[in-house]
Amino acid sequence: MLRLITQLSEAQTEIKRIAARTHSEQVQHQEATVREILQNVRRQGDEALLRYTLEFDQVRLAPGDLVVGAAELDAAYQRVSTSLLKAIRLAKQRIEQFHRERICKSWVQFQDRGIVLGRRYTPVDAAGLYIPGGRASYPSSVLMSAIPAVVAGVPRIVLVTPPNPEGKINPAVLVAAQESGVHEIYRIGGAQAIGALTYGTRTIAPVSVIAGPGNIYVTLAKKLVYGEVGIDSLAGPSEVLIIADSTANPVFLAADMLAQAEHDSLASAILITPDGRLAERTIEAVDRQLENHPRRTLTEKSLANYGLVIVTADLAEAAALSNLFAPEHLELEVEDPWELLEKVRHAGAIFLGHATPEAVGDYLAGPSHILPTSGTARYASGVGVETFQKCSSLVQYTPQALAEVGEAIDALTAAEGLPSHGDSVRLRLQQYENPHSPTQQQQEE
């Protein structure tokens, strides 16, 4: 099932094909569907949300059912085990500790002649968090997206997630949301949920930024609404690329690849190694671990379409292929991962060493597991406190400082053909030089 590639040119072609799986011609018809959904949510609001929830989730809701009420939130705590609640609280503690170290802090700098420069960071007014759901549940994604928003100081945090076939939200998701500090929860999913967060409806007020992972429809919806709202990144479908040498354990490598492929039929799991025997043993281990896998059909489809094992000449060639892919998750399962790290240029998250499976980062290491996918790690970063903050520049000049740069500004405004820009400086300087003389405008009056 997993294909073994030994030719560099073929490996490069396949890497590019997989990286483009969410923005190739193959998804154009899906994008057209998403565009129509967004337009209908914008025009019809709650009515469209209810219709699409019935069509896609097979759940009939009334307008009052969209919001998750206090009784359901309270009951959720009775439906999770003590051990799960303890794990959620441990993860919250570690994630919060990590993100408190990453708060962007405002600063000012006082320079000569009274010049003051700086940056002022403030949280967005409202954040919308998308959490995949339905038959699956991801309380970890709630923690990974909500806690950075709380740490950033966002005053309104909204969570949307699709209901299960009974119209309910998984209790672990509801508990994680309450533990994290989410303010509002709505049982809607898919592209229609992104539309509701962007445009608002009678029930759901719009937000400023949308964050969180999702399937191809959610990812395309976030791409289409960007500009009307901010987004974290194009996060999903998920992917892992592992670089391994002869010191790696093929059983561990197989488990790590399956841990990614079991997410989604569009998920990708790639192993690159200069050790041909390790490549073969890993493929054998994948086949064995798939035998009784509860999500075997979905996982096999993912591996067949977007799984690869590549044998390279050396680790440097492996790193070059990884940079070409710019993976969401990169595992360096080699003898000296810190040395190889120097050759890595693009990755959403990097896991170093044999004892660091991606699952550590998925659940409680601290950094968010919501990361850029499909090659966007070339220019984007994972969710963090900064996702929910924005900054304003601060500039203050004295008359003396303005006089020093007046001539330069005049030359630049003349070059750009913007005379009023030049006047805004020149008129001030004239007034400062002769404070008792009338300005040109006053003379004209």
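**His-263**

I began with His-263 in this predicted model, and I found it in the loop between α10 (250-261) and β10 (268-273). I then asked myself whether His-263 is buried, exposed or partly exposed. With a relative accessible area of 30%, His-263 is partly exposed, because it falls between the 20% cut-off for buried and the 50% cut-off for exposed. Leaving aside residues up to four places away in sequence, I listed what His-263 touches, and the entries are Tyr-138, Ser-238, Arg-295 and Leu-298.

**Ser-238**

Since Ser-238 appears among the contacts of His-263, I went there next and located Ser-238 in the loop between β8 (230-231) and β9 (239-244). Its relative accessibility is 14%, so I entered Ser-238 as buried, the cut-off being under 20%. I looked up which residues surround Ser-238, again not counting those up to four places away in sequence, and noted Arg-21, Gln-260, His-263, Leu-266, Ala-267, Ser-268, Glu-328 and His-329. For Glu-328 I can add a specific pairing, as the side chain of Ser-238 makes a polar contact with the side chain of Glu-328 at 2.8 Å.

**The annotated positions**

I turned to the UniProt record, where the annotation "binding site" covers Ser-238, Gln-260, His-263, His-329, Asp-362, Glu-416 and His-421. Do these residues gather at one spot, or where do they lie relative to one another? They span 184 residues in sequence and the farthest two C-alpha atoms are 55.2 Å apart, so I wrote down that they do not all gather at one spot. From this set, His-329 and Asp-362 belong to the lining of the second largest pocket.

I also checked the two annotated residues with the highest numbers in that list, Glu-416 and His-421. Glu-416 sits in helix α16 (residues 399-416), and at 60% relative accessibility I count Glu-416 as exposed. His-421 lies in helix α17 (residues 419-433), and its relative accessibility of 46% makes His-421 partly exposed.

**Helix α8**

I moved on to helix α8 (residues 190-199), which I recorded as mostly covered, with nine of its ten residues buried. Which residues of α8 are the buried ones? I noted Gly-190, Ala-191, Gln-192, Ala-193, Ile-194, Gly-195, Ala-196, Leu-197 and Thr-198. Looking for what covers them, I found that the buried residues of α8 pack against the helices α2 (28-44), α3 (46-57) and α9 (216-225), and against the strands β4 (126-130), β5 (156-160) and β7 (209-211). Directly after the helix I checked the backbone and saw that α8 is followed by Gly-200, whose phi is positive, near 80°.

**Strands β12 and β13**

My last entry concerns strand β13 (residues 349-352), along which I found that the side chains alternate. Ala-349 and Phe-351 point to one face and are buried, while Ile-350 and Leu-352 point to the other face and are not buried. I then looked for the pairing of β13 and found that strand β12 (residues 329-333) runs parallel to it, the two being joined by four bridges. Within this pairing I noted that Leu-332 of β12 stands opposite Leu-352 in β13. His-329, which the UniProt record includes under "binding site", is also the residue at which β12 (residues 329-333) begins, and I had already listed His-329 among the contacts of Ser-238.

Notes
Residues are numbered from 1 along each chain as its sequence is written. This is a predicted model: local features need pLDDT of at least 70, side-chain atom pairs count only at pLDDT 80 or more; totals for chains, interfaces and linings use all residues. Side-chain values use heavy atoms; hydrogens and water are left out. Buried means under 20% relative accessible area, exposed over 50%, partly exposed in between (1.4 Å probe, protein chains only). A polar contact is a pair of N or O atoms within 3.5 Å; within protein, one must be able to donate a hydrogen and the other to accept it, and residues adjacent in sequence count only if both atoms are side-chain atoms. Contact means heavy atoms within 4.5 Å. UniProt positions are given in the numbering used here, feature names are shortened, and annotations may be inferred rather than shown by experiment. On a 1 Å grid over the protein atoms alone, a cavity is a set of points where a 1.4 Å probe fits but cannot get out, and a pocket is an open set with protein on both sides within 12 Å along at least five of seven lines; lining residues have an atom within 4 Å of a point. Two strands pair if DSSP finds at least two bridges between them.
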